[in-house]
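Me: I am new to this structure. Please take one part, the nonpolar core and what surrounds it, and walk me through it closely.

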Amino acid sequence: HLVRPHGPNDIVALRCGVRALVVKRGQAAGDPLMLSKRSRVWRDPDRPWISIYGGKLTGCEQVASRATSLLRDAGLASRSTVPTSGDDLLATPAPPIDRVADIDVPPARWCRDHQMCWTLEDYLRRRTNLAQWLPRGGLGRNDEHREKLLQVAEVFVETTGRPATEQLRAYSERIKREYDRVLGRHPMVETTYA
């Protein structure tokens, strides 16, 4: 149905996931697009657990507020250990800008220090979405972004306890296994990691 045919080299990212949605007990299956994206915060009456189901990023402040309230009610948190308002959580300064493959993103060090970003993959997939915007999880079609990703991995040596080269090797192997193999694609450049 497209103007021109597309092949494995045209695919930038693969993604599959499941997100639990909150429905009433016994509700019959229907069109999933018509289901509410609301969240539910539930405290187990027999265990010191709080579970969060469903929700969207835009509702995270309300979910955090509800969970905080339940933690306090259960005596699991004091006012001094949990932020008292969304303003406390939003006091993070605006990030500087870094460029990766002509894309403006917050620097890895800033994400580590301000957004609890601890790994190369977290940075590439969740803090910047570079893994979705750039081919092969951010590595590039022929590993052309390898050196930049190695610099990014250096930032996470302290949090992972693993050398940057080892982090990048593991990430690259995962991309080969979960992306290249699925598409029957082999990178044109074989990269060795020191």
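Reply: Here is a walk through the core, then one helix that borders on it in the text, then a few loop residues.

This is a predicted model, in which local features need pLDDT of at least 70, side-chain atom pairs count only at pLDDT 80 or more, and totals for chains, interfaces and linings use all residues. Residues are numbered from 1 along each chain as its sequence is written, and side-chain values use heavy atoms, with hydrogens and water left out.

Start with the core. A nonpolar core is a set of buried Ala, Val, Leu, Ile, Met, Phe, Trp, Tyr and Cys residues joined through side-chain atoms within 4.5 Å. Buried means under 20% relative accessible area, exposed over 50%, and partly exposed in between (1.4 Å probe, protein chains only). The largest nonpolar core has 26 residues. Leu-120, Tyr-123, Leu-124, Leu-130, Phe-156 and Tyr-171 touch the most other members.

Which elements each supply at least two residues of this core? They are β4 (103–105), α3 (108–115), α4 (120–127), α5 (130–133), α6 (146–155) and α8 (164–183). The largest share, six residues, comes from α8. Helices (H or I, at least four residues) and strands (E, at least two) are DSSP runs, numbered from the N terminus. In soluble globular proteins, nonpolar side chains tend to be buried together.

Now zoom in on Leu-120. Contact means heavy atoms within 4.5 Å. Neighbours within four places in sequence are left aside here. Leu-120 is then in contact with Leu-149, Val-152, Ala-153, Phe-156, Gln-167, Leu-168 and Tyr-171.

Next comes α3. Its buried residues are Ala-108, Trp-110, Cys-111 and Arg-112. They pack against α4, α6 and α7 (157–160). Met-116 follows α3. This residue lies in the loop between α3 and α4. Met-116 is exposed, with a relative accessible area of 60%. Its phi is positive, about 55 degrees, although Met-116 is not a glycine. Most residues other than glycine have a negative phi.

Asp-102 also has a positive phi, near 65 degrees, and is a residue other than glycine. Asp-102 sits in the loop between β3 (98–100) and β4. Its relative accessibility is 67%, so Asp-102 counts as exposed.

Last, is Asp-44 buried or exposed? Its relative accessibility is 9%, so Asp-44 counts as buried. Asp-44 is found in the loop between β1 (39–43) and β2 (50–54). The side chain of Asp-44 reaches the backbone nitrogen of Asp-46 at 2.7 Å.

Terms used
A polar contact is a pair of N or O atoms within 3.5 Å; within protein, one must be able to donate a hydrogen and the other to accept it, and residues adjacent in sequence count only if both atoms are side-chain atoms.
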